[in-house]
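Okay, everyone, thanks for coming. Have a look at the sequence and the structure on the screen, and I'll walk you through a few places in turn.

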Amino acid sequence: MNTQRIAILGDLLDIEQAPPPGTPLDEIPAGVRWRPAHWLLIEDGRISAVQAEAPDASWPRDERPGQLILPGFVDTHVHAPQLDVIASYGTELLDWLQRYTFPAETAWADPAVAAAGSALFLDQLLAHGTTSALVFPTVHKTSVDALFGAALQRGMRLISGKCLMDRHAPPALCDTVASGERDTLALLAAWTGKGRLAYAHTVRFAPTSSEAQLRLAGELHAASPGSYVQTHVAENRAEVDWVRELFPGYRSYLDVYERHGLLTAQTTLAHGIWLDADARARLRDTRAVIAHSPTSNLFLGSGLFVWRGRASDGMRLSIASDVGGGVSLSMQRTLAAAYQVAALQGQRLDAFTLLHAATRGNAASLQLDQEIGRLEPGLVADVVAWDWAEPGSVLAHRLGRANSLHEKLFAWLMLGDERLLRRTWVAGRAFG
Ligand code: GUN
Ligand code: ZN
């Protein structure tokens, strides 16, 4: 059998474990693997070895001395159709949905629009160094076919599923309990077991689903092993008030999901800013994950998520762009915003913790850390080569004055972005 092999030379960095808060950063902490001038060997789409010595002459080589080789980023919450409305002016969540987002998503009823939009979206993820994602498409069944088809072509690890929304949205964006069930079952039948795809039962948020539809989503999740759930929770104060009015019999916004079987270790809920102590304890106990979406929370004026506090509550956390409420697909920009949101609360997120969150941490939040998130033999070779800086840039100047790996990496995360990307490999296949 022909094996596909490539040996990449560069400065390899991955994070097995985030350092505990307060760890000194002038030396490289345990759990941070910095392997400069090493070879990453890839065979048939998987990492087969990491070594200092060059492989034998039979290996095709891609030599990138001085480039930073990282695991591909993982984005745990992002909306494919919202590249059309990213950076739209002047509104908070509920008005933003009505004025910008719902009209953009309506256009995806056309399969040609969904196909072109999905290809653009995935190419942009790869161009930003993000190789895996948990993605919202639209309510239309064809939006999932388009997105999964495009991900399959690119060999990407992608999790998605049709948006369930049967009320409080324009008629063109509403399904029904019956059509939502029919479309979900057809999509599960068509895509289960294909490539690196997995299905997420996608409840947009509680206000756009009837109780009957929420019940259906929970039943479908229980009946489809390995499936995920994705939704939004407690993002904006007006939204939380609205949920209280719409669901008077429930203890909290989170309780609406829990009582319909939607809180499991396979659930990712975006935002979770406005949750009381009881809801936080339910998240800890159910092991459902909050996707912190800092650029979105800032841009839409939603609020400040308390990362360190929620982590010490025992909640599982991930980090996400939430484009198009979020203003960048770049994980560097997302992590820089997370740092700044923490700083506003007198807290600090070190560069190793931030990089861990966007790689192994996000992979673990999706129970995928035995597949992606590190440069480890046996894992799938989703890998990205980056320059540290453009020659002559402010970042290059700043790096010249850095005295430790942490100082360099922190400056790179704060000042760098997708313009520093040099090559992305998805399961060993090169893009860009
Ligand atoms: N809540 C319900 N839908 C959305 C959405 O598309 N984006 C964000 N940020 N929040 C939501
Ligand atoms: Zn969102």
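Let me start with a question: which element gives the largest share of the lining of the largest cavity? It's helix 1, residues 93-106, with three residues. Before I go on, please keep in mind that this is a predicted model.

So, that cavity. Searching the whole structure turns up one cavity of 30 Å³ or more, and there's about 90 Å³ of space in the largest cavity. Among the residues lining it are L93, W96 and L97, along with H79, H232 and D322. Sorted by class, the lining comes out as four nonpolar, five polar and three charged residues.

Hang on to H79, H232 and D322, since they come up again at the metal. What coordinates the zinc ion, ligand 2? Three histidines do it through NE2, namely H77, H79 and H232, and D322 joins in through OD, at 2.0 to 2.3 Å. Along the chain, these donors have the spacing H-x1-H-x152-H-x89-D. H77 is in strand 5, residues 73-79, while D322 is in the loop between strand 13 and helix 11, so this pair ties together parts that lie 245 residues apart in sequence. Are those two buried or exposed? Both H77 and D322 are buried. As for geometry, the angles among the four donor atoms run from 89 to 168°, and the site is irregular.

Now for the pockets. The largest pocket has a volume of about 380 Å³. Its lining has 21 residues, and the ones nearest the centre are W307, A311, M315, L317 and H356. Helix 12 gives the largest share of that lining, eight residues, and helix 10 and strand 13 each supply at least two. By class, you get 10 nonpolar, seven polar and four charged residues.

The second largest pocket comes in at about 200 Å³. Its lining counts 15 residues, with T192, G193, A198, Y199 and P225 closest to the centre. Helix 4 and strand 9 each put in at least two residues. The split here is eight nonpolar, six polar and one charged.

Last stop, P377. You'll find P377 in the loop between helix 12 and strand 14. P377 is partly exposed, at 40% relative accessible area. Setting aside neighbours within four places in sequence, P377 is in contact with I47, S48, A49 and V50. And the C-alpha atoms of P377 and L41 are 8.6 Å apart, though 336 residues separate them along the chain.

Notes
Residues numbered from 1 in each chain as written. Chains lettered and ligands numbered in written order. Predicted model: local features only at pLDDT ≥ 70, side-chain atom pairs only at ≥ 80, totals over all residues. Heavy atoms only, no water. Donors = N, O, S within 2.8 Å, 3.2 Å for Na, K, Ca; no water. Tetrahedral: all angles 85-135°; square planar, octahedral: opposite > 155°, others 65-115°. Helix = DSSP H or I, 4+ residues; strand = E, 2+ residues; numbered from the N terminus. Buried < 20%, exposed > 50% of the residue type's maximum accessible area, 1.4 Å probe, protein only. 1 Å grid on protein atoms, 1.4 Å probe; cavity = no way out; pocket = protein on both sides within 12 Å on 5 of 7 lines; lining within 4 Å. Points joined across faces, edges and corners; volume = space filled by probe spheres on them. Nonpolar A, V, L, I, M, F, W, Y, C, P; charged D, E, K, R; others polar. Contact = heavy atoms within 4.5 Å.
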